[in-house]
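This report walks through the charge pairs, the enclosed parts and the empty spaces of one protein model. Keep the sequence and the 3D view open while reading.

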Amino acid sequence: MLKKITLLHLLLALIGLQKAAAQKLSHPNPTKETKALYQNLYALSKKYILFGHQDDLAYGVDWKYQEGRSDVKETAGDYPAVYGWDIGRIEHGSANNIDGVPFEKMKAYIKAGYERGAVITISWHFDNPLTGGSSWDTTRNTVKAILPGGDKHQLYKQWLDRAADFLLSLKGNKGEYIPVLFRPFHELTGHWFWWGSNTTTPAEMKEIWRFTADYLRKTKKIDHLIMVYNTNDFKTKEDFLRSYPGDEYVDVLSFDTYQFDLNKKENFIREIKRQSEIVTKLAAEKNKLAAFAETGFENVPDPNWWTGTLWPAIKDYPLSYVLVWRNAGYMPSSKKMHYYAPYKGGNSAEDFKRFSQKPKVLLEKKLRSKKIYQNQTN
């Protein structure tokens with residue numbers, strides 16, 4: 001009997017250790033809210049998937065900067081559970097980001113979402129520091145130029161200082177730092193950004209990621225970031241990990257994939273399942289979170305896309321969240337509509353309601369009851 005009890009206690013201890021390891025952030029000393037968020041997202045991902053939307057509170061189809069508005073809320077009756085934002089142009093000290101959103105407004109939107117219990121994720125479409133071009137300027141060796149010893153290293157540190165100032169300005173009502181899922185160098189296996197696979201080497205990408213994380217953590221003393229590693233267009237586990245900087249620098253494994261062809265629905269579903277299988281298995285092996293960080297179908301031409309395409313693609317995988325891109329509305333530059341989330345009266349609005357009512361899908365109200373910024377002792 002004593003032997004059985006001892007073995008049982010040992011088994012429970014091992015399970016406890018495994019659970020603790022699974023929920024450990026790469027940052028050695030995160031804020032308590034950041035640690036709680038990560039632990040709770042890890043637990044929730046076993047049963048739920050959070051729905052997110054880029055720039056949700058700032059603008060939507062045919063409106064901009066109207067307090068309380070959200071295309072998602074006006075469709076489903078609730079705000080998204082995850083808010084995506086981008087700090088492109090912060091590197092220049094600009095008042096507005098790459099999509100024209102004033103940074104002061106962005107701070108207010110981030111705080112509002114956080115205080116309601118939602119999750120905040122931030123990407124960074126920063127300009128090319130070597131040429132002065134945009135993120136899409138794929139001049140070779142740009143990453144090499146910003147590494148320690150490179151011609152643009154000091155400039156890059158100045159850019160990081162400005163990003164850090166913004167990140168350190170994000171505080172809740174009690175003065176606590178707002179946890180951020182930070183997604184730098186996103187879609188790094190793609191070939192359209194200056195940090196992409198065609199313009200730099202895996203070794204350089206690993207080095208700049210590590211430098212960036214260390215600089216923000218150690219030099220700038222930022223303790224509220226959850227680091228999100230993000231790819232696009234990967235075919236195998238090895239492909240996904242080609243530029244992976246190491247477990248001590250990453251907290252979330254994620255990928256971006258969009259649908260572009262109405263006639264290739266089944267291909268898209270198969271691709272998402274394949275990538276989700278790889279990423280969620282890797283996340284389990286590494287005791288990390290998994291996420292579908294960006295997706296969508298521009299202008300959602302399929303009225304049943306939410307329950308007929310997205311849902312069957314993701315429902316069987318422990319993905320912590322899925323986020324669709326922004327609702328810019330009509331864009332004069334391209335002379336067409338540009339939106340990825342539903343909006344009131346839109347052709348997929350009714351189907352999105354059905355999607356949002358899935359027991360496994362969490363929007364903001366359902367998430368709020370989970371108290372994700374509090375340590376769950378039970």
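Glu350 and Lys353 meet in a salt bridge, with their closest N and O atoms 3.3 Å apart. A salt bridge here is a side-chain nitrogen of Lys or Arg within 4 Å of a carboxyl oxygen of Asp or Glu. The model is predicted: local features need pLDDT of at least 70, side-chain atom pairs count only at pLDDT 80 or more, and totals for chains, interfaces and linings use all residues. Residues are numbered from 1 along each chain as its sequence is written, and side-chain values use heavy atoms, with hydrogens and water left out.

**Salt bridges**

Glu350 and Lys353 sit 3 residues apart in helix H11, so about one helical turn separates them. Helices (H or I, at least four residues) and strands (E, at least two) are DSSP runs, numbered from the N terminus. Glu350 has 47% relative accessibility and therefore counts as partly exposed. Lys353, at 32%, is partly exposed too. The cut-offs are under 20% relative accessible area for buried, over 50% for exposed, and partly exposed in between (1.4 Å probe, protein chains only).

The structure holds 19 salt bridges. Three of them are set out below.

| Pair | Closest N to O distance |
|---|---|
| Glu350 and Lys353 | 3.3 Å |
| Lys107 and Glu104 | 3.1 Å |
| Arg326 and Asp99 | 3.4 Å |

Lys107 and Glu104 both lie in helix H4, 3 residues apart, or about one turn of the helix. Lys107 is partly exposed at 22% relative accessible area. Glu104 is exposed at 57% relative accessibility.

Which distant parts of the chain does the pair of Arg326 and Asp99 link? Arg326 lies in the loop between E10 and strand E11 (329–331), Asp99 in the loop between E4 and H4, and the two are 227 residues apart. Arg326 is buried, at 11% relative accessibility. Asp99 is partly exposed, at 24%.

Arg116, Glu364 and Arg368 are linked in a network of salt bridges.

**A buried acid without a bridge**

Glu91 is found in the loop between strand E4 (82–86) and helix H4 (103–115). What is the nearest side chain of opposite charge to the buried Glu91? Arg89 is, at 5.2 Å, and Glu91 has no salt bridge. Lys and Arg count as positive, Asp and Glu as negative; His and the chain ends are not counted.

Glu91 has polar partners instead. A polar atom of its side chain lies 2.9 Å from the backbone nitrogen of Arg89. The side chains of Glu91 and Trp124 share a polar contact of 2.9 Å. Such a contact is a pair of N or O atoms within 3.5 Å; within protein, one must be able to donate a hydrogen and the other to accept it, and residues adjacent in sequence count only if both atoms are side-chain atoms. Leaving aside neighbours within four places in sequence, Glu91 is in contact (heavy atoms within 4.5 Å) with Trp124, His125, Phe126, Asp127, Trp159 and Arg162.

**Enclosed elements**

Helix H10 (residues 305–314) has 7 of its 10 residues buried, so the rest of the structure largely encloses it. The buried ones are Trp305, Trp306, Thr309, Leu310, Trp311, Ala313 and Ile314. Their cover includes E1, H9, strand E9 (289–295), strand E10 (321–324), helix H11 (349–356) and strand E13 (361–362).

Gly52 lies in strand E1 (residues 49–54). Gly52 is buried, at 0% relative accessible area. Not counting residues up to four places away in sequence, Gly52 touches Pro80, Val82, Val322, Leu323 and Val324.

**Pocket and cavity**

On a 1 Å grid over the protein atoms alone, a cavity is a set of points where a 1.4 Å probe fits but cannot get out, and a pocket is an open set with protein on both sides within 12 Å along at least five of seven lines; lining residues have an atom within 4 Å of a point. Grid points are joined across faces, edges and corners, and a volume is the space filled by probe spheres set on the points.

The largest pocket has a volume of about 750 Å³. It is lined by 31 residues, of which Glu187, Trp192, Asn232, Tyr258 and Phe260 lie nearest its centre. Helix H9 (residues 265–286) gives the most to this lining, with 4 residues.

The largest cavity holds about 40 Å³ of space. Its lining includes Gln54, Trp85, Arg183 and Glu294. Strand E5 gives the most to the lining of the largest cavity, with 3 residues.
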